[in-house]
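Trainee: Could you walk me through reading this model, one feature at a time?

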Amino acid sequence: MTDYHVGLIVPSSNLTMETELPRMLAARERLLPNERFVFHSSRMRMQHVTPEQLRAMNAQTERSAAELADADPDVVASACLVAIMAQGPKFHCTAEADIARGLAAGGSAAPVVSSAGALLNGIQALGARRVAIITPYLKPLTKMVAHYIEDAGTEVVDALSLEVSDNLAVARLDPTDLQSHWRKLALRGADAIVLSACVQMPSLEAIDVVEKEAGLPVLSAATATTYTILDTLGLATVVPQAGRLLSGDSARPGNEAREQIDDNVYEGSPR
């Protein structure tokens, strides 16, 4: 049995990052019982998804990183996509470097991933050059997210804003509603759908359903973060029933764990 300690930096009002990621990795553990994932969180104050509160939250990065360093994590994931993307293109590189410095000051050399950088990574892993996105944000913030993705080289063919500014209300959105929301997107030319460009908006229950109905790869900030965590740890990027990104098809060559998982796991067996 190998334990992997995952540090999470999350907004204080986030209710989803600490549920969807553990659910995915627990499903993986049932198929690969020699692995176990242990989670440690540090919270940064934020209640409303506004530019002012996002900037104030980012200012708490050093303190959160120092707290997580005490747990000696194997990897640390920063979990507020829009807080990073709202600061302008490529800011995830700056944010990840800031967290790494905070960890180093606490004696930790753990690698750092961010949900913002992970989403770009997931899109690239799928080979998608054009995507459509759904966000819970107000339209100005959604435009920032779309611009961030496009600056990284992926065209956003359409975007749907659900316009929910209260972060707790975002967590309480029904993920099954996404099974109808995606139909409002103009998908002509799209290579993939980002069903939730926010780790706070639940989407896990809808990923496989929408992928089958749309006939396109479907990912979310949460599935992309899970993919990037596994890749950073040097593990096979495989989680059952979490979309094509985590099916093993887009993973590195020689993905041995994919061969350990029966095909019927991807044909609708219970999570």
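Mentor: Gladly. Helices (H or I, at least four residues) and strands (E, at least two) are DSSP runs, numbered from the N terminus. This is a predicted model, in which local features need pLDDT of at least 70 and side-chain atom pairs count only at pLDDT 80 or more, while totals for chains, interfaces and linings use all residues. Residues are numbered from 1 along each chain as its sequence is written, and side-chain values use heavy atoms, with hydrogens and water left out.

Trainee: Let's try a pocket. Which elements each supply at least two residues of the lining of the second largest pocket?

Mentor: The general idea comes before the case. Rolling a probe the size of a water molecule over the atoms shows where empty space is left. On a 1 Å grid over the protein atoms alone, a cavity is a set of points where a 1.4 Å probe fits but cannot get out; a pocket is an open set with protein on both sides within 12 Å along at least five of seven lines, and lining residues have an atom within 4 Å of a point. Grid points are joined across faces, edges and corners, and a volume is the space filled by probe spheres set on the points. Here, the second largest pocket has a volume of about 200 Å³. It has 17 lining residues, and Asn58, Thr61, Ala95, Asp98 and Ile99 are the closest to its centre. At least two lining residues come from each of β1, α2 (51-58), α3 (61-69), α4 (81-85) and α5. The most come from α5, with 6 residues.

Trainee: And how many cavities of 30 Å³ or more does the count give?

Mentor: The count is 1. The largest cavity holds about 60 Å³ of space. Its lining has 13 residues, and Cys80, Val82, Asn167, Cys198 and Gln200 lie nearest the centre.

Trainee: Now the sheets. In what order do the strands of the sheet with β1 run?

Mentor: Two strands pair if DSSP finds at least two bridges between them. The open sheet of 4 strands has the order β2-β1-β3-β4, with parallel pairing. Its edge strands, β2 (35-44) and β4, each pair on one side only. From one strand to the next, the twist averages 25°. Parallel strands β1 and β2 are joined by 10 bridges, with His5 opposite Val38 in β2. Strand β3 (residues 75-78) pairs with β4 over 3 bridges, and Ser78 has Ser114 as its bridge partner there.

Trainee: Is β1 largely enclosed or open?

Mentor: Buried means under 20% relative accessible area, exposed over 50%, and partly exposed in between (1.4 Å probe, protein chains only). In β1, 7 of the 10 residues are buried, so the strand is largely enclosed by the rest of the structure.

Trainee: Why is one side of β6 and of β8 left without a neighbour in the sheet?

Mentor: First, the sheet itself: 4 strands form an open, parallel sheet in the order β6-β5-β7-β8. β6 (155-161) and β8 (218-220) stand at its edges with a single partner strand each, so one side of each has no neighbour in the sheet. The twist here averages 20° from one strand to the next. Parallel strands β5 (residues 130-135) and β7 (residues 192-196) are joined by 3 bridges, and Ile133 has Val194 in β7 as its bridge partner.

Trainee: Across which strands does α11 lie, at about 80° to β8?

Mentor: Axes are lines fitted to C-alpha atoms, for helices over the stretch in contact, and angles run from 0 to 180 degrees between N-to-C directions. Contact means heavy atoms within 4.5 Å. α11 lies across β7 and β8, at about 80° to β8. Helix α11 (residues 221-232) also lies across β1 (2-11), β2, β3 and β4, at about 160° to β3.

Trainee: Is Ala221 buried or exposed?

Mentor: Ala221, in helix α11, counts as buried at 0% relative accessibility. Leaving aside residues up to four places away in sequence, Ala221 touches Leu81, Leu119, Ser196, Ala197, Cys198 and Val199.

Trainee: One more residue type: where does Lys90 lie?

Mentor: Lys90 is in the loop between α4 and α5 and has a positive phi of about 70° although it is not a glycine. At 49% relative accessibility, Lys90 is partly exposed. Glu163, in the loop between β6 and α8 (167-171), has a positive phi near 55° and is likewise a residue other than glycine.
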